[in-house]
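Colleague: I would like to learn how to read a model like this one, feature by feature. Where should we begin?

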Amino acid sequence: MTGLSTILIVVGLFLAGGVYSFQKQQMPRGIVVLLAIGSAMCLLAGVLRIQGIWE
């Protein structure tokens with residue numbers, strides 16, 4: 001596992017926690033959707049880097 005993959009996964013999990021928190025606080029839907037998309041992108045990029053698919 002490389003350092004960048006670890007950082008991407010940690011940031012993705014941090015954003016996922018933000019999604020949960022913002023949803024619970026009933027923040028505007030647009031902000032929650034943007035955080036969810038960012039979280040998914042970070043997690044996917046981290047996993048793809050670990051698998052060696054995306055260099």
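Modeller: We begin with the word contact, which means heavy atoms within 4.5 Å. With that cut-off, and leaving aside neighbours within four places in sequence, Ser5 is in contact with Gly46, Arg49 and Ile50. Keep in mind that this is a predicted model.

Colleague: Where does Ser5 sit, and is Ser5 buried or exposed?

Modeller: Buried means under 20% relative accessible area, exposed means over 50%, and partly exposed is in between. Ser5 belongs to helix α1, and its relative accessibility is 0%, so it counts as buried.

Colleague: How many helices and strands does the chain have?

Modeller: The chain has two helices and zero strands. Along the principal axes, its C-alpha atoms fill a box of roughly 40 × 15 × 10 Å.

Colleague: How do I test the length of a helix, and what does the test give for α1?

Modeller: The expected span is 1.5 Å times one less than the number of residues. For α1, with its 22 residues, that predicts 32 Å, and the end C-alpha atoms are 32 Å apart, which agrees.

Colleague: What does the same test give for α2?

Modeller: Helix α2 runs over residues 29-51, which makes 23 residues. The expected span is 33 Å and the end C-alpha atoms are 33 Å apart, so the two values agree.

Colleague: Next, burial along a helix. Which residues of α1 are buried?

Modeller: Ser5, Leu8, Gly12, Leu15, Gly18 and Val19 are the buried residues of α1. Viewed down the axis of α1, they fall within an arc of 140°, so they line one face of the helix.

Colleague: Which exposed residues does the face of α1 turned away from the buried side carry?

Modeller: That face carries Ile7, Val10, Leu13, Phe14, Tyr20 and Lys24, which are exposed.

Colleague: What do the buried residues of α1 pack against?

Modeller: They pack against α2. From the other side, the buried residues of α2 pack against α1, residues 3-24. In α2 the buried set is Val32, Leu35, Gly38, Ser39, Cys42, Ala45 and Gly46. Gly46 also appears among the contacts of Ser5.

Colleague: How do I see that pairing in terms of sequence separation?

Modeller: Take the contacts with a separation of 6 or more: residues 24 or more positions apart account for 62% of them. C-alpha distances give individual cases. Thr6 and Arg49 are 43 residues apart in sequence and 9.5 Å apart in space. Leu4 and Leu43 lie 39 residues apart along the chain, with 11 Å between their C-alpha atoms. For Ala16 and Ile37, 21 residues apart along the chain, the C-alpha separation is 9.4 Å.

Colleague: How are Leu4, Thr6 and Ala16 classed by accessibility?

Modeller: Each is in helix α1: Leu4, Thr6 and Ala16. Leu4 has a relative accessible area of 43%, so it is partly exposed. Thr6, with 34%, is partly exposed, and Ala16, with 31%, is partly exposed as well.

Colleague: Which residues form a nonpolar patch on the surface?

Modeller: Leu4, Ile7 and Val11 form one, and together they have about 250 Å² of accessible area. Ile7, in helix α1, is also on the face turned away from the buried side.

Colleague: What are the totals for the whole chain?

Modeller: The accessible surface comes to about 4000 Å², and carbon and sulfur atoms hold 72% of that. Of the 55 residues in the chain, 24% are buried.

Colleague: Last, backbone angles. What should I expect of phi?

Modeller: Most residues other than glycine have a negative phi. Gln26 has a positive phi of about 55° although it is not a glycine.

Colleague: Where does Gln26 lie, and is Gln26 buried or exposed?

Modeller: Gln26 follows α1 and lies in the loop between α1 and α2. Its relative accessible area is 71%, so Gln26 is exposed.

Colleague: Which residue just after α2 takes a positive phi?

Modeller: That is Gly52, with a phi of about 80°.

How values were computed
Residues are numbered from 1 along each chain as its sequence is written. This is a predicted model: local features need pLDDT of at least 70, side-chain atom pairs count only at pLDDT 80 or more; totals for chains, interfaces and linings use all residues. Side-chain values use heavy atoms; hydrogens and water are left out. Helices (H or I, at least four residues) and strands (E, at least two) are DSSP runs, numbered from the N terminus. Buried means under 20% relative accessible area, exposed over 50%, partly exposed in between (1.4 Å probe, protein chains only). Patches are made of residues with over 30% relative accessible area and no salt bridge: like charges are joined within 9 Å, nonpolar side chains (Val, Leu, Ile, Met, Phe, Trp, Tyr) within 5 Å. Accessible areas come from the Shrake-Rupley method with a 1.4 Å probe; for residues, only the protein chains shown count as cover. A salt bridge is a side-chain nitrogen of Lys or Arg within 4 Å of a carboxyl oxygen of Asp or Glu. The arc is that of the directions from the helix axis to the C-beta atoms.
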